[in-house]
Amino acid sequence: MFHQVEKRIADAFAARLKAQFGVDGPVQTEQPKQSSFGELALPAAFQLARSLKKAPKVIAGEVLEAVGKIDGVAAIEIAGNGYLNVRFDRGAFGAAVLAGVQPETTSDAAKIIVEHTNINPNKAAHIGHLRNAILGDTFVRMLRATGSRVEAQNYIDNTGVQVADVVVGFEHLEKKTAAEVRALIADQNVRFDYLCWDLYARTSQYYAEHPEALEWRKDTLHKIEHGEGETAALAHVVADAIVRAHLTTMYRLNIEYDVLPRESEILHLKFWATAFELLKERKAIFFETEGKNKGCWVMPSSAFRTKGDDTPAEDNVDDSKVIVRSNGTVTYVGKDIAYQLWKFGLLGKDFFYHLWHTYPDGHKVWASTTEPQEGAPKFGGGVRVYNVIDSRQSYLQDVVVAGLRALDYQAQADASIHFSYEMVALSPRTCIEMGITLSDEDKKRPYVEVSGRKGLGVKADDLIDTLIAKAYEEVSSRNAEQSEKSRRKAATQIAVGALRYFMLKYTRNSVIAFDFGEALAFTGETGVYVQYATIRTKKILKKFLESGHALPDFAAVLTPEAMARQLENEDCWQSLLDASKMETAIERAVAGGEPSHVARYAFQLAQSFSSFYDKFHVAGEPDPEKQAFLLWLTGYYSEQLERTLGVLGIEVPEYM
RNA sequence: GCGCCCGUAGCUCAGCUGGAUAGAGCAACUGGCUUCGAACCAGUUGGCCGGGAGUUCGAAUCUCUCCGGGCGCACCA
């Protein structure tokens, strides 16, 4: 609600400033530092000071004169050196919130693609992957909350080196056949993704000790890419099983996908061949005939390095990016360019799809396949693409975008957004707790990098399990009368809330040094705190109804006059304002591409309510009008808290 | 060597496109459960915003520079 009023006032100012001073453009609004300054602050006078060559305070006076009366505004004051502070008409604002004017939602909006998770299907997911998936899923929810049509893609590199390494482990180290591995997958007592986690680390270790074994990898990779025999079949079996495990893990955190484009189909449907022709035709890449990249198709570094064009000739370092190796195989970046073209509908080719899985809530996720299937929907063809990938891969993302530019798809290059974030590392304390021995060098570092190859990291499911166990203990100590099943459900919702909030509270480019103590915290700035506040809103209303009362007819009791009366109370007014700023918060977070802003708002709103809860005793309020108002405000808090948590992918338990 | 990111309270972090007295959480200390659940609330202590220079009415925010830390810069992904 707040943002609609804010916009209306800004527009009114803009129109009148144009008439008076001939200045164009939108009027900037701010939140005043102190609530006593009013609801909106306009620094317009400062901006006009330069062109008008007058003191800001004088201009502010003239603006005030010119603006006159604006609907919904009770007063405008000049403050400081020239701020214009706007005070809302409280009664009108309250009445508008009560009427619940919803902004129109655009359902025919163009499609936005968000690609996230993208875990190599060769081992269990770890905390680093969780940050990616939670960030991506929350951004999807944010976009949808603002009316966008969004497609969530999870790219599966099922033919890459990492899968090959686990296949090598099974074939050469474990001497297992595809049938035996299938049996392992079917065995309920085996955590297949955990088994692969260890096997992958063991294979990497084996390569380090026996470099000649790298031949196995090369051979395996070749067989997988060409879909040959037992080895290729084994790779498919492993990758599919791990993808299922990942989707199960992510579903525990309320994360769902729409489509799983797989690398195997990119190969078999010859996406790359098509993209290759395009790149050659438009001279985006060239065949290198000398130097270290002799025999490769490369993209010149000038295409993706915007700065540093003053490289002296004497250096002579060839930092062109190889797209096609001298043996004729394509690199990851090449495939990614083809995939990115497909996402924009520019490739002139499409995948076919088969139903991969139906979630318990009925949502369906499709995977790419080579043959047409009855009833399969269409995917891809977005107007904007967000790739949620950690910042270490920004170099490769730059190359992909450069590929689009080289093909003269400028608009699409501009609409390709690397939604980057910093890595999740381990705090030294957590390493010690996990029994990881650190080198002296590592001990001095502020954090230690997670490594799948070394098997160094916290597995996602282990962390979730630990959180649930802790939450279950807390829930049980407070709600012994509840059934075990019900307590487990609440504990799970609390654990997921804690984890998602933990991953979201940091801004994207802040490195998270993962610490068990902080991740397991249930007090302070946590998802648990927000859930607790939300439960209290519901509890007030529930208890009120249980005591034999019926909720008043708010529209009848809270007339604009009554609303104005109640909102004279400063605490009530601030509460209403806080709760009305949800849309503003989400919109700003979307504009800034920063999910942490939503998390922060959720916390602030919960803080606001907790304070309100302490100040006002709704059930014991003797004045009927006041009580009606407090009940209404509690309900509003409740809705806004629950909706904000929904955007964060966090549920509200029945009790906790 | 080149590129990107970070440096704000004892610790972990916010601070939106420059704006009014730089904010939270944790930790420490004080107070508050006979009242809609104390996973809570109210309060106290704690900061040359890494150093320096510049831009201007105004800089934690923009520019330059130096210092410290992290990550990239493969015919791996």
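## A first look at the predicted model

At 13% relative accessibility, Asp258 counts as buried. That may seem an odd place to begin in this predicted model, but Asp258 has a partner: Asp258 forms a salt bridge with Arg144, and their closest N and O atoms are 3.3 Å apart. Arg144 sits in helix α5 (residues 127–145) and Asp258 in the loop between α10 (229–252) and β6 (259–260), so the pair ties together parts that are 114 residues apart in sequence. Buried or exposed, what about Arg144? Neither: with 40% relative accessibility, Arg144 counts as partly exposed.

### Salt bridges

In general, side chains of opposite charge can pair when their charged atoms come close. Here the count comes to 32 salt bridges. Have a look at three of them:

| Salt bridge | Closest N and O atoms |
|---|---|
| Arg144 and Asp258 | 3.3 Å |
| Asp165 and Arg217 | 3.0 Å |
| Arg478 and Glu474 | 2.8 Å |

Take the pair of Asp165 and Arg217. This one links distant parts of the chain, with Asp165 in helix α6 (residues 161–173) and Arg217 in helix α9 (residues 214–225), 52 residues apart. Asp165 has a relative accessibility of 2%, so Asp165 counts as buried, the cut-off being under 20%. Arg217, at 25%, counts as partly exposed.

Arg478 and Glu474 are a local affair: both lie in helix α18, four residues apart, which is about one turn of the helix. Arg478 is exposed, its relative accessible area being 53%, while Glu474 is partly exposed at 31%.

Salt bridges also join up into a network, and Arg191, Asp193, Arg252, Asp461 and Asp465 are linked in this way.

### Around the RNA

Now turn to RNA strand B. How many residues surround RNA strand B? There are 68, and the closest are Tyr83, Arg325, Thr507, Tyr529 and Tyr532. Of the atoms of RNA strand B that come within 4 Å of the protein, sugar and phosphate account for 63%.

What kinds of residues make up this surface? By class, the surface near RNA strand B has 29 nonpolar, 16 polar and 23 charged residues. Several elements supply at least two residues each, including α2 (44–52), β3 (83–88), α14 (394–406) and α21 (527–546). Helix α26 gives the most, with eight residues.

A few polar contacts are worth finding on the screen. A polar side-chain atom of Ser326 lies 2.6 Å from a base nitrogen of RNA strand B. Two other contacts use the protein backbone: a polar backbone atom of Ala619 is 3.2 Å from a base oxygen of the RNA strand, and a polar backbone atom of Glu525 is 3.3 Å from a sugar or linking oxygen.

### The nonpolar cores

On to the inside. As a general point, nonpolar side chains tend to be buried together in soluble globular proteins. The largest nonpolar core in this model holds 142 residues, and Phe13, Phe88, Phe93, Leu130 and Phe514 touch the most other members. Which helix gives the most to this core? Helix α19 (residues 484–504) does, with eleven residues. A second, separate core has 40 residues, with Ile266, Leu279, Phe344 and Ala413 among them.

Phe93 makes a good example to zoom in on. Leaving aside residues up to four places away in sequence, Phe93 touches Met1, Phe2, Val5, Phe88, Trp573, Leu576, Leu577 and Ser580.

### Helix α4, home of Phe93

Phe93 is one of the buried residues of helix α4 (residues 90–99), along with Gly91, Gly94, Ala96 and Val97. What do the buried residues of α4 pack against? They pack against α1 (2–21), β3, α23 (560–566), α24 (570–580) and α27 (624–647).

Both ends of this helix have a detail to check. At the start of α4, a side-chain oxygen of Asp89 reaches to within 3.2 Å of the backbone nitrogen of Gly91. Just after α4, Gly100 takes a positive phi of about 65 degrees.

### One loop residue

Last stop: Ser483, which is found in the loop between α18 and α19. With a relative accessibility of 40%, Ser483 counts as partly exposed. Ser483 and Trp573 are 90 residues apart along the chain, and their C-alpha atoms are separated by 41 Å. Trp573, remember, is one of the residues that Phe93 touches.

Definitions and conventions. Residues are numbered from 1 along each chain as its sequence is written. Chains are lettered from A and ligands numbered from 1 in the order in which they are written. This is a predicted model: local features need pLDDT of at least 70, side-chain atom pairs count only at pLDDT 80 or more; totals for chains, interfaces and linings use all residues. Side-chain values use heavy atoms; hydrogens and water are left out. A nonpolar core is a set of buried Ala, Val, Leu, Ile, Met, Phe, Trp, Tyr and Cys residues joined through side-chain atoms within 4.5 Å. Buried means under 20% relative accessible area, exposed over 50%, partly exposed in between (1.4 Å probe, protein chains only). Contact means heavy atoms within 4.5 Å. A residue is near a molecule or strand if one of its heavy atoms lies within 4 Å of it. A polar contact is a pair of N or O atoms within 3.5 Å; within protein, one must be able to donate a hydrogen and the other to accept it, and residues adjacent in sequence count only if both atoms are side-chain atoms. Ala, Val, Leu, Ile, Met, Phe, Trp, Tyr, Cys and Pro count as nonpolar, Asp, Glu, Lys and Arg as charged, and the others, Gly among them, as polar. A salt bridge is a side-chain nitrogen of Lys or Arg within 4 Å of a carboxyl oxygen of Asp or Glu.
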